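The following report goes through selected elements of a two-part assembly in running text, with one table. Please read it alongside the sequence and the coordinates.

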Amino acid sequence: MSTVLKAKDLCKTYIVNKRQNNVLKNVNFSIDEGEMVAVMGPSGSGKSTLLYAVSGMDSITAGGVEFCGKSIEKMKEKELAELRLDEMGFIFQQMYMLKNLSVLDNIILPACQSEKVKESRKEIVQRGEALMRKLGIIEIADNDITEVSGGQLQRACICRSMINNPKVIFADEPTGALNRASSDEVMSELAKLNREGTTIMLITHDVKVAAKCTRVIYIVDGNIKGEYNIGRYENPSQLRERERTLNNWLMEMGW
Amino acid sequence: MYFNILKKDLKRKKTMNIVLLLFIILATMFVSSGLNNVLTVLNGTDYFFDKAGVGDYVIITMGENSVGNISNALDNADCIDDYRVETAVFINQNNVTRTDGTEINSTSNVALFQAVDNAKLNIFDKNNEKITEVNEGEVIICGKYMEKNNVETGEYIRIKASDVEIDLKIAGKGKDAFLGSEFMGNYRFLLNKNDYEKLLADETLSKKSMGEIAYIETDDISALHTYTTKIENIMFEGRRSQLSTVYLIEMIAAFIVLILSVCLVIVAFVVLKFSISFTIAEEYREIGVMKAIGLKNGKIRTLYIVKYLIMAVIGGIIGFFASVPFGNMLIMSASNNMVLGNDAGILINIFSSIFTIAVIVMFAYSCTKKIKKLTPIDAIRNGQTGERFKKKSFISLNRTKANPTVYMAVNDILSAPKRFMTVIISFFVCTLFVLVLVNTVSTMKSSALVNLFSVEEPSHIYTAASEEFIGDNTSYEKEDYKELINEMADEITAEGMPCTVGRHFIYKYKITSKGDEFAGNFFQGINISADEFAYFEGTAPQNINEIAVTPQVSEKINAKIGDTVTVDFGTEKIDCIVTGYFQTMQMMGEMMILSDEAPVSSHYLVGYSMNEIRFTDNPDEKEIEKRKEKISELYNLKDNEVQNAAEFCAGCVGVVPTMEAVQYLLLGITILIVILVTVLVERSFISDEKGQIAMLKALGFKTGDIVKWHSLRFGIAAVIAAILAAVLSIPATDLCITPVFGMMGAINIDYNYEPLKIFLFYPLVIFAVTFVTAWLTSLYTKTIKTSEVSGIE
């Protein structure tokens, strides 16, 4: 399997009140195509910073990031924007969407904006609807974003992240703002997408979420403390066992 | 703690607070100067006339044996409370030259030369102080003589009349309530007593050119007419209200300032309401947190009200100080020639500033009302946007082929039109007002108003009176003038410009209607028929015993179409039937038309128009311009003495340069408002949409796309406002400006609308300014980082 994302000696430093704060310290890791990697760690450990740094959303202080063989740290803002639009998908904890657009319009927006997408508007819409159907939210296509539940909205965000067939989906605590039932639904969908071949990197505090991933990276104080490969999640019957073994490993890490 | 929260708030939202403070300053400045100007303009001529002591009725007499006539007639008039008479020497304006002998003004209109000690009317200097002294060898010239003839303070002029020649240094300009208006056509020259006596030393001047001006205080003008009809050699007589109308041109500019002030006040309050409600809506999250930790509603409200009170007081004080020079600047176009003011003076500005501060605090109070109804959870969840929970837009990205950024811009306006209403209303009001003024100026500069100064159809060229008509030619009768005019036509035709030449003359005759006597002005033309005037009711006078009148005259003499009035032609009295109504702005609409056959005499001639040249070979505009030059050379006329129809109208209205200056001032203020509103609203929007912007950036939208999205929204709002303003400018012009022209005698105005200007040029200027400002302001979105998507509240 080819490597889609590789961080090498990645450092990120913030200067706050003239004091240097090293959030990421020489982080090295890679993600292969088809993997679903969860990044876990205590609050303030640098998880989100890591996600934003490797996805080109935030600049890095030192080191390098390769996305599909291309170094993104040297890319200009415009190139990074194009990369995010065409090659990456994003899901955020807060389910951000444009308030004045309907759910379907929000989903197809990145495809309409992309210069790489050569399909007609009609074809884009059909693809958006197909994704919504797949995630079971087709009935809310024309709804306003304020008219749907949090779980539905997050699934809509997943659809939006998928619309340009990205190489990697980056998800920052995608279930953080959801209740357990909605959280399970969303994670099942993400796991399903992963089984179908989509590479996912997600940040989570939730063991139940991490247990559906193929690998877990544990980060403390800007350093990767350990990695745990738990294999592909195939069906719910495996879940309890995966959670248990993952919990044990996390305990060892100091969770 | 409150102080700390307040301090932090002012620091954290520095830009928004600065913009808001700027708007408070502007609002106070606009409201203060606006209200002061409203009062000043409404007081207008009354204030000026009272200060000058014009009285209720004014009479000018001129000519041999005219001195003493007024007193003789009025001494026993019991309807008069008081009257003051001043004497003056009347000399043709073309007798005033530069010291090297070059001409200043070729017009044969008379100017009044008067000793300052003898003046019974208060004349004011540029600082509105009464002029009480003029040094020997100096002169103060009233009205617009200096601007019009390009002479300046410090220059020397020469007065050469009969056998007298005096050189005088121009000491300054005077504001003359009676003769200061351009419409009166006569200027007053104030001299030192010794210089005035030098003029009187000349026998011809002291015998033939003396005259009197009487300022009469009376409550019964009808009774006064019984006495004034006995006064010989009346050159002019008029009521105070009639004199007010001659300042209408100045007052048009003043009223425009008034309407502008009202517009500015509306814009200021609309924008203030928007910015206060917007900034408070933005703070609902913080408000929710404060409520969650147990702060009471009253305390939270007080916090915000105190913040806005502090800003309002600071802005109000600065705005108050700025309002005085700003108000003076606005009213300057009208106050150049008038003493404008109101008795309240600066108190109005103080009151207005306090009022604005109170309104701002009231806005803040009403905007924070919602705090009371919200629970902490409501505030945190919904307060931030205050969005309604229903279908927003009827269009959909999935049903259009539009570019996403263009769609988002259009959709935002359709989804939340209220948010853009501030922009649309502000731009609409300002653009509409600019366009009304543009239409007015275009009309004044075109030949559209020709029927208000002459006959219905414009002539090709108008020329000033040639030498034959000037001077002591009062012995000329109609046939002599006709001969001169026909000679002129022959001369021009001989130069290869086949034409006819005509002109109309103004005669003053006594008329009797229903037992009352009046003095009336009548048109009669040579080579211009009575048929050629524009009659909006009835017909032209065809026979010797027929006349047409304006509605103003009809009302004054109480005679309608079909009624009979008696006209005293001197040699005979003829009972004339009123056959029709026409409109004119000559003599403020107080004019009548005689039939071509009426028995006129030059003894009663009080004025005449320019020569109207009509070419018989239908030349195009280029050819007319060429012929203008040829005629100018042929008769040795200056540029302004040979005019095409549009120039003739502009010259008659006289206010075009002032109106153009006001138009550009207004455009400048509109652009300033557009820039400020755009900056304020766009910064508010960016602040509100920070999360969405960061999200779009995270999804791969470039800063350029975000800038395009934001700029387009303002562009669309500007286009909506400009289209609305352009379309409504046509009825609005008619609605606002026709009554103003109506006061000067016009009934129907055929406006000259220039589609390119109103539908393209000015809307384009507003659009371009809006778009560029929005584009520059939205570049601020560059500072919003994609990573902020996680940190946004």
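## Sheets, helices and core

Helix α1 (residues 47-54) of chain A lies across β3 (36-40), β7, β8 (199-203) and β9 (215-220) of chain A, and runs at about 145 degrees to β8(A). Helices (H or I, at least four residues) and strands (E, at least two) are DSSP runs, numbered from the N terminus, while axes are lines fitted to C-alpha atoms, for helices over the stretch in contact, with angles from 0 to 180 degrees between N-to-C directions. This is a predicted model, in which local features need pLDDT of at least 70 and side-chain atom pairs count only at pLDDT 80 or more, whereas totals for chains, interfaces and linings use all residues. Residues are numbered from 1 along each chain as its sequence is written, and chains are lettered from A and ligands numbered from 1 in the order in which they are written.

In chain A, 6 strands form an open sheet of mixed pairing, in the order β6-β7-β8-β3-β9-β10; two strands pair if DSSP finds at least two bridges between them. Because β6 (88-91) and β10 (223-229) of chain A stand at the edges with a single partner strand each, one side of each is left without a neighbour in the sheet. Neighbouring strands of this sheet are turned by 15 degrees against each other on average, direction ignored. A sheet of chain B, also open and mixed in its pairing, has 10 strands in the order β3-β6-β7-β5-β8-β4-β2-β9-β1-β10. Its edges are held by β3 (96-98) and β10 (234-239) of chain B, each with a single partner strand, so one side of each has no neighbour in the sheet. Here the average turn between neighbouring strands, direction ignored, is 35 degrees.

Several strand pairs, with their bridges and one facing residue pair each, are set out below.

| Strand pair | Sense | Bridges | Residues opposite each other |
|---|---|---|---|
| β1 (residues 3-16) and β4 (residues 62-67) of chain A | antiparallel | 5 bridges | A:Lys8 and A:Gly64 |
| β4(A) and β5 (residues 70-71) of chain A | antiparallel | 2 bridges | A:Glu66 and A:Ser71 |
| β6(A) and β7 (residues 168-172) of chain A | parallel | 4 bridges | A:Phe90 and A:Phe170 |
| β4 (residues 110-115) and β8 (residues 188-191) of chain B | parallel | 4 bridges | B:Phe113 and B:Phe189 |

The hairpin of β4(A) and β5(A) has 2 residues between the strands, and in this hairpin A:Cys68 takes a positive phi near 50 degrees.

Helix α4 (residues 121-134) of chain A has 14 residues, which at 1.5 Å a residue should span 20 Å, and its end C-alpha atoms are 20 Å apart, in agreement; the expected span is 1.5 Å times one less than the number of residues. Its buried residues are A:Ile124, A:Val125, A:Arg127, A:Gly128, A:Leu131 and A:Met132, where a residue is buried if 20 or more other C-beta atoms lie within 10 Å of its own, exposed if 12 or fewer, and partly exposed in between, with C-beta atoms placed from the backbone. Seen down the axis of α4(A), these buried residues fall within an arc of 160 degrees, so they line one face of the helix; the arc is that of the directions from the helix axis to the C-beta atoms. On the other side of α4(A), A:Lys122, A:Glu123 and A:Ala130 are exposed. The cover over the buried residues of α4(A) includes α3 (103-113) and α5 (150-162) of chain A, and α4(A) is followed by A:Gly136, whose phi is positive, near 70 degrees.

Helix α19 (residues 621-634) of chain B buries B:Arg627, B:Lys628 and B:Ile631. Viewed down the axis of α19(B), these buried residues fall within an arc of 115 degrees, so they line one face of the helix. They pack against β11 (461-463), α17 (478-494) and β21 (642-643) of chain B, whereas the face of α19(B) turned away from the buried side carries the exposed residues B:Lys622, B:Glu625, B:Glu629 and B:Glu633.

The largest nonpolar core (buried Ala, Val, Leu, Ile, Met, Phe, Trp, Tyr and Cys residues joined through C-beta atoms within 7 Å) has 303 residues, and among those with the most contacts inside it are A:Ile108 and B:Phe113. Helix α2 (residues 14-52) of chain B gives the most to this core, with 16 residues. Leaving aside neighbours within four places in sequence, A:Ile108 is in contact with A:Ile124, A:Val125, A:Gly128, A:Ile163, B:Leu397 and B:Asn398; contact requires C-beta atoms, placed from the backbone, within 7 Å.

Technical notes: Contact = placed C-beta atoms within 7 Å.
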